[in-house]
Amino acid sequence: MSMLESVVTTAGDLVRRFSHYSDVALAQPVLVTKNGRPRNVLISVEEYERLKSRDQQAFMAADTPDHFLADIEALAAGEDD
């Protein structure tokens, strides 16, 4: 998904028009406000899965997986893919 402008709605309007905003969220994020403050964002399942797949795992340097070490060593040596 490209960086599209969010559609903004209130929580009350989201409840009243959920089907509409659910459809809008397939194409762009829907920012939901409550008492004038951003509260939640409604996004498509596809966008949610894309964002989840970008999560990074953290581990101690001593526990770095071998395949990461090989990539790091190649970068340090100036090798390209």
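1. A definition to start with: a salt bridge is a side-chain nitrogen of Lys or Arg within 4 Å of a carboxyl oxygen of Asp or Glu. Asp13 and Arg17 satisfy this through their side chains, with an N to O distance of 3.8 Å. Because the cut-off is 4 Å, the pair at 3.8 Å is counted. Please keep in mind throughout that this is a predicted model.

2. By that rule the structure has 2 salt bridges. The other one joins Arg50 to Glu47, whose closest N and O atoms are 2.8 Å apart. As background, side chains of opposite charge can pair when their charged atoms come close. For Arg50 and Glu47 the helix helps to explain the pairing: they sit 3 residues apart in helix H3 (residues 45-53), which means they are separated by about one helical turn.

3. How buried or exposed are the partners? Asp13 is buried, at a relative accessible area of 17%, while Arg17 is partly exposed at 39%. In the H3 pair, Glu47 counts as buried with 9% relative accessibility, and Arg50 is partly exposed with a relative accessible area of 29%. In each bridge, then, a buried acid is matched with a partly exposed arginine.

4. Asp13 deserves a second look. This residue belongs to helix H1 (residues 11-16). Besides the salt bridge to Arg17, the side chain of Asp13 makes a polar contact with the side chain of Thr9, at 3.0 Å. Asp13 thus has side-chain partners on Thr9 and on Arg17.

5. Now the overall layout, for orientation. The chain has 4 helices and 3 strands, and from the N terminus the order of elements is β-α-α-β-β-α-α. There are 81 residues in the chain, of which 16% count as buried. The accessible surface comes to about 6,800 Å², with 53% of it belonging to carbon and sulfur atoms. Among contacts with a separation of 6 or more, 23% are between residues 24 or more positions apart.

6. On confidence, the mean pLDDT of the chain is 87, and 89% of the residues reach 70 or more. Which elements mark the two ends of the range? Helix H2 (residues 18-24) has the highest mean pLDDT, 98, and helix H4 (residues 66-76) has the lowest, 85.

7. Ser44 is worth a visit just ahead of H3. The residue lies in the loop between strand S3 (37-42) and H3, and is buried, with a relative accessible area of 6%. Its side chain reaches the backbone nitrogen of Glu47 at 3.0 Å. Glu47 is therefore approached at its backbone by Ser44, and its side chain is the partner of Arg50 in a salt bridge. Setting aside neighbours within four places in sequence, Ser44 is in contact with Ala25 and Leu26.

8. Val45 follows in helix H3 and, in contrast to buried Ser44, is exposed, with a relative accessible area of 58%. Val45 and Ala25 are 20 residues apart in sequence, and their C-alpha atoms are 9.3 Å apart in space. Ala25 was named above as a contact of Ser44.

9. H4 is the helix to inspect for surface character. Of its 11 residues, the number buried is 0, so H4 lies largely in the open. Leu69 lies in this helix and is partly exposed, with a relative accessible area of 33%. Together with Phe59, Phe68 and Ile72, Leu69 forms a nonpolar patch on the surface, with about 340 Å² of accessible area for the group. I would read this alongside the confidence values, since H4 is the element with the lowest mean pLDDT (85).

10. Two backbone angles round off the note. Most residues other than glycine have a negative phi. Asn35 has a positive phi of about 55° although it is not a glycine. Asn35 is placed in the loop between strand S2 (30-34) and S3, where it is exposed, with a relative accessible area of 74%. The other angle belongs to Gly78, just after H4, with a positive phi of about 80°.

Methods: Residues are numbered from 1 along each chain as its sequence is written. Side-chain values use heavy atoms; hydrogens and water are left out. Buried means under 20% relative accessible area, exposed over 50%, partly exposed in between (1.4 Å probe, protein chains only). Helices (H or I, at least four residues) and strands (E, at least two) are DSSP runs, numbered from the N terminus. pLDDT is the predictor's confidence in each residue, from 0 to 100. A polar contact is a pair of N or O atoms within 3.5 Å; within protein, one must be able to donate a hydrogen and the other to accept it, and residues adjacent in sequence count only if both atoms are side-chain atoms. Contact means heavy atoms within 4.5 Å. Patches are made of residues with over 30% relative accessible area and no salt bridge: like charges are joined within 9 Å, nonpolar side chains (Val, Leu, Ile, Met, Phe, Trp, Tyr) within 5 Å. Accessible areas come from the Shrake-Rupley method with a 1.4 Å probe; for residues, only the protein chains shown count as cover.
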